Amino acid sequence: VAKALAELAAMPEVTLLPRTTAFGYQDHDLVTLVERRGDHLPARQAPVFRERLWRVRAKQVVLATGAHERPLVFGNNDLPGVMLAGAVSTYVRRYAVLPGRNAVVFTNNDAGYDAALALREAGASVKVVDARAVPRGTLSQRAGSAGIEILPGHVITEARGGKRVASVLVQGIDAQDRLTGSPRTLACDLVAVSGGFSPVIHLQSQAGSKAVWDEPRAAFLPGKPAQSERSAGACQGALSIMRRVSAC
């Protein structure tokens, strides 16, 4: 990525704006951006004005706004130590920080296994609680091959602990999503949860595009463009790209 950015910056016809966020898409393809020029610098090195507002009138706009990972809800899911699985993967792989040594991953999709593999590779003990009766995908197969214990057809019903999570209650579910069997307690100091992904389509909506419900993905996707814009990547439902990037 760094090499590609350097090559772009060297092109005279390209204006590269790092630390910049597009926050508005108005009529006639007017996109408003905020550039954070000095937030990352010490006070003595920061420029006189810390932010700059850009107003860009474009002929064509490509929106690649990505997707937000969804949480999974259970009792006391706001205890410290309960994190999104994508955040756990980022801590381990990008910053070499291990958020916990005895982890439980709670997921309903294959992306949760990426966090499980990252934790296992970093030396943590990991168990996966998968709401699906039959986990599918190459990442779940890799997790099983790596010796990670997988509990298919189970959910976390409650997290327990004081100042941080210390254990979770796990119980099976049937085909009608009703709890079955007796609860099981799993000791842990970290819970990583992944409930799938919701495409980020706020800029498409501001531009006048009407969201369309996609049942297989259980999410809203951008509808027909109302202006000269195109959507690319996870924001239009290509979520496999996110999993490949997170695994790098």
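Start by selecting Phe220: with a relative accessible area of 45%, this residue is partly exposed. Keep in mind as you click around that you're looking at a predicted model.

Now add Trp213 to the selection. Trp213 and Phe220 make an aromatic pair, with 5.0 Å from centre to centre. Turn the view until you can see both rings: their planes sit at 70° to each other, an edge-to-face arrangement. Planes over 60 degrees apart count as edge-to-face, so 70° puts this pair in that class. Trp213 has a relative accessibility of 43%, so this ring partner is partly exposed too.

How many aromatic pairs does the count come to? Two, by the ring-centre rule. For the other one, select Phe74 and Phe106. Their ring centres are 6.0 Å apart and the planes meet at 55°, so this pair goes down as tilted. Colour by sequence position here, and you'll find that the pair ties together distant parts of the chain, 32 residues apart. Phe74 belongs to the loop between β5 (67-69) and β6 (82-84), while Phe106 is in strand β7 (residues 102-107). Are these two rings buried or exposed? Phe74 and Phe106 are both buried.

Next stop: Arg37 and Phe49. What sits over the ring of Phe49? Show the side chains and you'll see the charged end of Arg37 there, 4.3 Å from the ring centre.

Now head for the N-terminal stretch and switch on a surface. Pick Leu5, Leu8, Met11 and Leu16, which together form a nonpolar surface patch. Their combined accessible area is about 300 Å². Zoom in on Met11, which lies in the loop between α1 (2-9) and β1 (20-26). Its relative accessibility is 34%, so Met11 counts as partly exposed.

Finally, zoom out and go to cartoon view. There are six helices and 17 strands to trace along the chain. The C-alpha atoms fit a box of roughly 60 × 45 × 35 Å along the principal axes. Colour by accessibility, and 38% of the 248 residues come up as buried. Put the surface back on: the chain exposes about 14200 Å², with 55% of that supplied by carbon and sulfur atoms. If you draw contacts with a separation of 6 or more, 52% of them are between residues 24 or more positions apart. The Phe74 and Phe106 pair, 32 residues apart, is a good place to return to with that picture on screen.

Note on methods
Residues numbered from 1 in each chain as written. Predicted model: local features only at pLDDT ≥ 70, side-chain atom pairs only at ≥ 80, totals over all residues. Heavy atoms only, no water. Phe/Tyr/Trp six-rings, centres within 6.5 Å; stacked < 30°, edge-to-face > 60°. Helix = DSSP H or I, 4+ residues; strand = E, 2+ residues; numbered from the N terminus. Buried < 20%, exposed > 50% of the residue type's maximum accessible area, 1.4 Å probe, protein only. Lys NZ or Arg CZ within 6 Å of the ring centre and 35° of its normal. Patch = residues over 30% accessible without salt bridge, like charges linked within 9 Å, V, L, I, M, F, W, Y side chains within 5 Å. Areas by Shrake-Rupley, 256 points an atom, 1.4 Å probe, with all protein chains shown as cover. Salt bridge = Lys/Arg side-chain N within 4 Å of Asp/Glu carboxyl O. Contact = heavy atoms within 4.5 Å.
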